[in-house]
Amino acid sequence: MTGWQRFFLLIACCIVTMILWPQYDEAGVTFMLMAGLLWTCVIIMLSVLSGIFGIYKFEFLNRFVSILYLGALMACLLFYFPLRNGETPAKRMQQGQWPTMQDVRNGLERMTLDFDFVHRTLRHDPSHLNEKMEKAGKTVSDMGKELKEKKKQFDSFVDQWEGEK
């Protein structure tokens with residue numbers, strides 16, 4: 001397995017963990033970012049050592065290192081990924097609380113971006129961008145009306161002075 005393959009495996013494992021156990025908060029997101037950074041460093045180290053010692057030439061040894069990498073990655077994610085109430089996915093599985101289809105749905109919903117750049121969000125609420133654009137358009141039209149009104153006042157003031165000449 002190459003370094004890029006290990007990196008994409010890291011991303012896939014992190015996403016699957018976040019989808020199967022969506023009961024995380026900000027600490028869970030921070031953990032995933034830090035774990036991603038740590039495991040990226042491990043991937044770089046494995047790639048360098050594989051090149052130095054020629055592990056990539058021996059199929060059995062390369063697969064063994066890849067299996068160890070995957071096992072250590074999954075153990076890290078399952079035993080240390082913080083959920084609410086101080087639980088981890090491993091503790092939940094030991095208690096017999098396996099991910100349900102509702103957990104998967106909630107996890108997928110949390111992973112999707114709830115923003116449509118054109119009209120509305122997925123829940124049909126007006127998007128913030130569209131609200132700001134409409135508000136800005138209204139402000140511009142209000143300013144145009146005020147400007148026309150001020151111009152009329154100025155013109156009447158100028159006409160008054162011209163009449164005195």
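A contact is a pair of residues with heavy atoms within 4.5 Å. In this predicted model, residues 24 or more positions apart account for 62% of the contacts in the protein chain with a separation of 6 or more. The secondary structure comes to 6 helices and 0 strands. Along the sequence, the pattern reads α-α-α-α-α-α. Of the 165 residues in the protein chain, 25% are buried.

Helices α1 and α2 were examined as a pair. Two packed helices are described by the angle between their axes and the distance between the axes. The axes of α1 and α2 come within 10 Å. They cross at roughly 160°. Angles over 145 degrees count as roughly antiparallel, and α1 and α2 are therefore roughly antiparallel to each other. The crossing of α1 and α2 is right-handed. On the α1 side, the contacts involve G3, R6, F7, L10, C14, T17 and M18. On the α2 side, the partners are V29, M32, G36, W39, T40, I43, L46 and S47. Two aromatic residues in this interface, F7 of α1 and W39 of α2, reappear in the ring pairs below.

The structure holds 7 aromatic pairs. One of them joins W4 and F7 in an edge-to-face arrangement, 6.3 Å centre to centre, with 90° between the planes. Both residues lie in helix α1 (residues 3-20). They are 3 residues apart, about one turn of the helix. W4 is exposed, because its relative accessible area of 64% is over the 50% cut-off. F7 has a relative accessible area of 26% and is partly exposed. F8 joins W4 and F7 in one aromatic cluster.

A second pair links W39 and Y69. The arrangement is again edge-to-face, at 5.7 Å centre to centre and 75° between the planes. W39 lies in helix α2 (residues 26-53), and Y69 lies in helix α3 (residues 59-80). The pair therefore ties together parts that are 30 residues apart in sequence. Both rings belong to buried residues, because each falls under the 20% cut-off: W39 has a relative accessibility of 9%, and Y69 has a relative accessible area of 3%. W39 thus combines a buried position, contact with α1 and a ring pair with Y69.

An aromatic ring also meets a charge. The charged end of R110 sits over the ring of Y24, 4.0 Å from the ring centre.

Technical notes. Residues numbered from 1 in each chain as written. Predicted model: local features only at pLDDT ≥ 70, side-chain atom pairs only at ≥ 80, totals over all residues. Heavy atoms only, no water. Phe/Tyr/Trp six-rings, centres within 6.5 Å; stacked < 30°, edge-to-face > 60°. Helix = DSSP H or I, 4+ residues; strand = E, 2+ residues; numbered from the N terminus. Buried < 20%, exposed > 50% of the residue type's maximum accessible area, 1.4 Å probe, protein only. Lys NZ or Arg CZ within 6 Å of the ring centre and 35° of its normal. Axes fitted to C-alpha atoms, helices over the stretch in contact; angles between N-to-C directions. Parallel < 35°, antiparallel > 145°, perpendicular 65-115°, else oblique. Left-handed = near helix turned anticlockwise from the far one by under 90°.
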